[in-house]
Amino acid sequence: MKQVFALLSGLIFGLGLIISGMSDPAKVLNFLDVFGTWDPSLAFVMGGAIAVTAPGFALLRRKRATPFYDTKFRIPDRSDIDPKLMTGSGIFGVGWGLGGFCPGPALTALPIAATGTLIFVPFMLIGMWFAQRTPDPFSTLKTGEA
Amino acid sequence: METEFTPWLSLGGGMLIGAAAVLLMATNGRIAGISGLTSRIFAAKADGEARGVSALFVLGLLLAAPLWLLVSGNWPTQTVPSGVLVMAAAGLLVGFGSVFGNGCTSGHGVCGISRGSGRSIVATVTFMATAAITVFVVRHMVGG
């Protein structure tokens, strides 16, 4: 059952990306182009998503000890702001600004098979593969302090 | 190129994205973070079930546009930059950065902010800023 809902969640997520315009890099790049052809639409995408997710998560936390078809909620519990988080996010943003794609929209747009998407997605997967296998270069700083 | 301001469609689509995130959490207990789910499929260590559920979510994402085509008769409209080098570099940076920084627009920007996570708020402000700076440099300093 959980597999069915995982598939369904992905499908709804993808439809949301398409309807909202987020799967169109032209809209994303214009959202980021505040001093040019600014299109504020994507602020509404994020606002709409958070307006549903925030109360939804809060309700689940209050009403349920476990998910409906699984044994536990897997919520990240870290709260430290570490250099790896900042570096990764900064690098991600540069790529997002260059191509207008973040991971969800890129995968959603893949079947449309635009040339740019067909180039972007394999390189994105390679980047992810490398990141998983790159040790935290800042972790030595932390142990040095301890 | 200008694009049309679509507040209602964007709000509605955003709410669907939020509903999908709540559905995944309610049924599977997992954060709907696309970079995390995608990379878990080929992670060095991940249990088979986590891999399977992640792969099915991504399959759902991949089926959205074909379903759209089936129902409406057209692919969703989009304009994708086509420069080979630019898109290859963009893909590498997005893939590496999102996994290295533990999340992307969905994991940090939607789910993390919804949980009130300080890490996610910092991450979101960071990638929004570097993305906006990149667009500014490309469009108004290099290409302008």
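**Exercise 1. Find how accessible A:Asp80 is, and follow its salt bridge into the other chain.**

*Step 1.* A:Asp80 has a relative accessibility of 33% and counts as partly exposed. Buried means under 20% relative accessible area, exposed means over 50%, and partly exposed lies in between, with a 1.4 Å probe and protein chains only.

*Step 2.* Before going on, note that this is a predicted model, in which local features need pLDDT of at least 70, side-chain atom pairs count only at pLDDT 80 or more, and totals for chains, interfaces and linings use all residues. Residues are numbered from 1 along each chain as its sequence is written, chains are lettered from A and ligands numbered from 1 in the order in which they are written, and side-chain values use heavy atoms, with hydrogens and water left out.

*Step 3.* The partner of A:Asp80 is B:Arg119, and the closest N and O atoms of this salt bridge are 3.9 Å apart. A salt bridge here is a side-chain nitrogen of Lys or Arg within 4 Å of a carboxyl oxygen of Asp or Glu.

*Step 4.* The pair crosses between chains: B:Arg119 sits in helix α6 of chain B, while A:Asp80 sits in the loop between α3 and α4 (83-99) of chain A. Helices (H or I, at least four residues) and strands (E, at least two) are DSSP runs, numbered from the N terminus.

*Step 5.* B:Arg119 is buried, with a relative accessible area of 7%.

**Exercise 2. Work out how many salt bridges the whole structure has over all chains, and look at some of them.**

*Step 1.* The search finds 9 salt bridges over all chains. Side chains of opposite charge can pair when their charged atoms come close.

*Step 2.* Take B:Glu49 and A:Lys2, whose closest N and O atoms are 2.5 Å apart in a salt bridge. This pair also links two chains, running from helix α3 of chain B (B:Glu49) to helix α1 of chain A (A:Lys2).

*Step 3.* Now compare the surroundings of the two residues. B:Glu49 is partly exposed at 38% relative accessible area, whereas A:Lys2 is buried at 10%.

*Step 4.* Next comes A:Asp33, which forms a salt bridge with B:Arg139, with 2.8 Å between the closest N and O atoms. A:Asp33 lies in the loop between α2 (25-32) and α3 (41-63) of chain A, and B:Arg139 lies in helix α6 (residues 118-142) of chain B, which makes this a pair between chains. A:Asp33 is buried, with 3% relative accessible area, and B:Arg139 is partly exposed, with 27%.

**Exercise 3. Describe how helix α1 of chain A and helix α3 of chain B cross.**

*Step 1.* Two packed helices are described by the angle between their axes and the distance between the axes. Axes are lines fitted to C-alpha atoms, for helices over the stretch in contact, and angles run from 0 to 180 degrees between N-to-C directions.

*Step 2.* The axes of α1 (residues 2-20) of chain A and α3 (residues 48-72) of chain B come within 7 Å and cross at roughly 40°. That angle makes α1(A) oblique to α3(B); angles under 35 degrees count as roughly parallel, over 145 as roughly antiparallel, 65 to 115 as roughly perpendicular and the rest as oblique.

*Step 3.* The residues of this contact divide into 18 nonpolar, 5 polar and 2 charged. Ala, Val, Leu, Ile, Met, Phe, Trp, Tyr, Cys and Pro count as nonpolar, Asp, Glu, Lys and Arg as charged, and the others, Gly among them, as polar.

**Exercise 4. Explain why A:Cys102 is not bonded to B:Cys104.**

*Step 1.* A disulfide is a pair of cysteine sulfur atoms within 2.5 Å. The search finds 0 disulfides over all chains.

*Step 2.* The closest cysteine sulfur to that of A:Cys102 belongs to B:Cys104 and is 6.1 Å away, too far for a bond. A:Cys102 is buried, at 3% relative accessibility.

*Step 3.* B:Cys111 is in no disulfide either, as the nearest cysteine sulfur, that of B:Cys104, is 9.3 Å away. B:Cys111 counts as buried, at 1% relative accessibility.

**Exercise 5. Sketch chain B as a whole.**

*Step 1.* Chain B has 6 helices and 0 strands.

*Step 2.* Its C-alpha trace spans about 50 × 40 × 30 Å along the principal axes.

*Step 3.* Of its 144 residues, 49% count as buried.
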